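Colleague: Please take one part of this model and go through it closely. I would like one connected answer, with each term explained where it is used.

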Amino acid sequence: MSLFNATSAAGIGQAEQLYQGTDFSSLNWFEQQWVAWYIWIGNPIIATGLMSFLLHEIVYFGRCIPWIIIDAIPYFRKWKLQPDKVPTAQEQWECTKQVLFSHFTIELPAIWLFHPLAEAVGMSTWQVPFPSWKAMAPQVFFFFFFEDLFHFLAHRALHTGILYKHIHKLHHKYSAPFGLAAEYAHPAEVFILGTGTLAGPILYCAFARDLHIVTVYIWIVLRLFQAIDAHSGYDFPWSLQHIVPFWSGADHHDFHHMAFTNNYSTSFRWWDWACGTDNKYREYKKKVDAAKASMRNATKEQKEAIERKLMDEVEKEGIMAEAQAEARGVFKAKTQ
Ligand SMILES: [Zn+2]
Ligand SMILES: [Zn+2]
């Protein structure tokens, strides 16, 4: 009961309403903090909305900080996928401003709208205790699967015609992405692709009628890590894709930014592989491996030079492909 001693009289009244009949001594530390938050704020709608927004901001920028530090230390350059393109402080700041603009204009209202939608499909928010890990794990996997497929289809659509020219082109400003660029996108893109992240939990809950928002938070945190790390521009020997071969990782998405085409999915490699939209990527990887194998006795500089040459070729093809995509957009717009 010490939890309640520290709260105001109004808070106790609210707590009694919300948490009537709850055995607080059986709650773990996280659940107790959860209860304390809802009591402190006093209004479940505001408490959920504020927690969702703060979680997103803290995790997004918190996860970007290590990548900003890594970009500033030349030692890490050997693991940078496009080592000649390290973002400047100015570029990172410009990117941060656009990201913050999207967060306040699109994500904040969307997060606020999420609460009534979540309640309408019967999602638990203030309730304790939390579901077990065994219940949460398959749900989180389903959200990963759903988002990856949604993103693959929507992202491919965003690469065509006027959708590319007016919406997705902004995200492709950086041919060598960095952590902060994960959510650097047109507000319409933030909305379209954000749907893939939130529609999974909403649809799941509408059918299963059994989902706690804490599971959605775990999913959001993992999704943010996935998106930021995929844009980090670094592929370490210990990166997840070297342990889980179907995980996309930075290597996969960096190529998308460098080559403009190929690799449209987010978390997994299987849809690009099944639809053949990773043909150029796999061809490029083969070329790099073959060149390195044939130059076993060459110096480090010579090996790096050949890799740079192959990279330049892919990037040049990418610039042409982007111009074609835009031209197609103009043609389509004229004939419609
Ligand atoms: Zn793209
Ligand atoms: Zn990207």
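Modeller: What follows is a close look at helix α5, and then at the parts around it and further along the chain.

This is a predicted model, in which local features need pLDDT of at least 70 and side-chain atom pairs count only at pLDDT 80 or more, while totals for chains, interfaces and linings use all residues. Residues are numbered from 1 along each chain as its sequence is written, and chains are lettered from A and ligands numbered from 1 in the order in which they are written.

First, the setting. The chain contains 13 helices and zero strands; here helices (H or I, at least four residues) and strands (E, at least two) are DSSP runs, numbered from the N terminus. About 75 × 55 × 40 Å is the span of the C-alpha trace along its principal axes. Of its 336 residues, 31% are buried. A residue counts as buried if 20 or more other C-beta atoms lie within 10 Å of its own, as exposed if 12 or fewer do, and as partly exposed in between, with C-beta atoms placed from the backbone.

Now α5 itself. This helix runs over residues 89-120, which makes 32 residues. Between its first and last C-alpha there are 44 Å, close to the 46 Å expected at 1.5 Å a residue; the expected span is 1.5 Å times one less than the number of residues. The helix has a bend of about 35° at Glu107, and Pro109 follows within four residues. The bend at a residue is the angle between axes fitted to the seven residues ending there and the seven starting there.

Glu107 is also one of the buried residues of α5; the others are Cys95, Val99, Ile111, Phe114 and Ala118. An α-helix has 3.6 residues a turn, so residues three or four places apart point the same way. The buried residues of α5 pack against three other helices: α4 (44-72), α8 (187-208) and α9 (213-231). Contact between two residues means that their C-beta atoms, placed from the backbone, lie within 7 Å.

These helices come together again in the largest nonpolar core. A nonpolar core is a set of buried Ala, Val, Leu, Ile, Met, Phe, Trp, Tyr and Cys residues joined through C-beta atoms within 7 Å. This core has 34 residues, and Leu180, Ala181 and Tyr184 touch the most other members. At least two of its residues come from each of α4, α5, α8 and α9. The biggest share is that of α9, with eight residues. In soluble globular proteins, nonpolar side chains tend to be buried together.

Leu180 gives a view of α5 from the other side. Leaving out residues up to four places away in sequence, Leu180 touches Cys64, Gln92, Cys95, Thr96 and Val99. A second, separate core has nine residues, including Met258, Phe260, Tyr281 and Val314.

The chain after α5 also deserves a look. Gly122, just after the helix, takes a positive phi of about 85°. Further on, in the loop between α5 and α6 (133-158), lies Pro129. The peptide bond joining Val128 and Pro129 is cis, with omega about -5°. Most residues other than glycine have a negative phi, and most peptide bonds are trans.

For a second helix to set beside α5, take α10 (249-259). Because 10 of its 11 residues are buried, α10 is largely enclosed by the rest of the structure. Among these buried residues are His252, His253, Asp254, His256 and His257. Phe260 comes just after α10 and takes a positive phi of about 70°. Phe260 sits in the loop between α10 and α11 (270-275), and it counts as buried because it has 23 C-beta neighbours inside 10 Å. Asn263 is in the loop between α10 and α11 too. Its phi is positive, about 55°, although Asn263 is not a glycine. With 26 C-beta neighbours inside 10 Å, Asn263 counts as buried.

Last, the record. An unreviewed UniProt entry places "domain: Fatty acid hydroxylase" at residues 141-277; UniProt positions are given in the numbering used here, feature names are shortened, and annotations may be inferred rather than shown by experiment. In the model, residues 141-277 are 60% helix and 0% strand, with end C-alpha atoms 23 Å apart.
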